[in-house]
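Open the model in your viewer and keep the sequence panel beside it. The stops below say what to select and what is there.

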Amino acid sequence: GNPKVLLEAMSSGCIVLGSNIPNNTEIINDGVDGFVFDLKKNALNEKFKDIVNLDDNKLNQISINAQEKISQKFGKEHILEQELKIFSKLGI
């Protein structure tokens, strides 16, 4: 159910923008590890204006935060651990 393109981009350190649909907002924390915009007229343009005004240090930190989040919450080790817990509960 997660947009894989967001996960892949964030794991590569890209600054991502996603609309405020639930699948995106459960991955992106606006202004912390990416950006979220409303699906209304001119909202994306306004978000771009906000991003352009950020300094390089802030953007670099967002990139680092994105990579760390994906590594910790969506990395293969974490996913495997979650899958093993499910199998254990099922008695497999």
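A nonpolar core is a set of buried Ala, Val, Leu, Ile, Met, Phe, Trp, Tyr and Cys residues joined through side-chain atoms within 4.5 Å. Buried here means under 20% relative accessible area. Keep in mind that this is a predicted model.

**Stop 1: the core**

Select Leu6, Leu7, Ala9, Met10, Val16, Ile27, Ile28, Val36, Ala66 and Ile70; these 10 residues form the largest nonpolar core. Helix H1 (4–11) and H4 each supply at least two of the core residues. The largest share, 4 residues, comes from H1. In soluble globular proteins, nonpolar side chains tend to be buried together.

**Stop 2: helix H1**

Stay with H1 and show Leu6, Leu7, Ala9 and Met10, the buried residues of this helix. Which elements do the buried residues of H1 pack against? They pack against E1, H2 and H4. Next, pick out alanine 9 and display what surrounds it. Apart from residues up to four places away in sequence, alanine 9 touches Cys14 and Val16. Then move on to glycine 13, which follows H1 and has a positive phi, near 90°.

**Stop 3: helix H3**

Select helix H3, residues 43–52, and colour Ala43, Lys47 and Ile51, which are buried. Turn the view until you look down the axis of H3: its buried residues fall within an arc of 75°, so they line one face of the helix. The general rule is that an α-helix has 3.6 residues a turn, so residues three or four places apart point the same way. Now show what covers the buried residues of H3: the cover includes strand E1 (17–19), strand E2 (35–37) and helix H4 (56–73).

Zoom in on lysine 47, in helix H3. Is lysine 47 buried or exposed? Its relative accessible area is 14%, so lysine 47 is buried. Not counting residues up to four places away in sequence, lysine 47 touches Leu17, Asp30, Phe35, Val36 and Phe37.

Just before this helix, select asparagine 42, found in the loop between E2 and H3. At 43% relative accessibility, asparagine 42 counts as partly exposed. Draw a distance from its C-alpha atom to that of asparagine 29: the two are 13 residues apart along the chain and separated by 21 Å.

**Stop 4: a buried salt bridge**

Side chains of opposite charge can pair when their charged atoms come close. How many salt bridges are counted in this model? The count comes to 4.

Begin with lysine 69 and aspartate 33, whose side chains meet in a salt bridge, 2.7 Å from N to O. This pair links distant parts of the chain, 36 residues apart: lysine 69 is in helix H4, while aspartate 33 is in the loop between helix H2 (22–25) and E2. Lysine 69 counts as buried because its relative accessibility is 18%. Aspartate 33, at 3% relative accessibility, also counts as buried.

Show the surroundings of lysine 69, leaving aside its neighbours within four places in sequence. Its contacts are Met10, Ile27, Ile28, Asn29, Asp33 and Phe74. Among them, Met10, Ile27 and Ile28 belong to the core of Stop 1.

**Stop 5: salt bridges within helices**

Go back to H3 and select glutamate 46 and lysine 49; they form a salt bridge whose closest N and O atoms are 3.5 Å apart. The two residues both lie in H3, 3 residues apart, about one turn of the helix. Glutamate 46 is partly exposed at 41% relative accessibility, and lysine 49 is partly exposed at 49%.

Next, select lysine 85 and glutamate 81, another salt-bridged pair, with the closest N and O atoms 3.7 Å apart. Both residues lie in helix H5, 4 residues apart, about one turn of the helix. Lysine 85 is partly exposed, with a relative accessible area of 44%; glutamate 81 counts as partly exposed at 43%.

**Stop 6: a nonpolar patch on the surface**

Finish by turning on the surface and selecting Leu80, Leu84, Ile86, Phe87, Leu90 and Ile92. Together they make a nonpolar surface patch of about 640 Å². One of its members, leucine 84, is in helix H5, residues 76–90.

Terms used
Residues are numbered from 1 along each chain as its sequence is written. This is a predicted model: local features need pLDDT of at least 70, side-chain atom pairs count only at pLDDT 80 or more; totals for chains, interfaces and linings use all residues. Side-chain values use heavy atoms; hydrogens and water are left out. Patches are made of residues with over 30% relative accessible area and no salt bridge: like charges are joined within 9 Å, nonpolar side chains (Val, Leu, Ile, Met, Phe, Trp, Tyr) within 5 Å. Accessible areas come from the Shrake-Rupley method with a 1.4 Å probe; for residues, only the protein chains shown count as cover. Buried means under 20% relative accessible area, exposed over 50%, partly exposed in between (1.4 Å probe, protein chains only). The arc is that of the directions from the helix axis to the C-beta atoms. Contact means heavy atoms within 4.5 Å.
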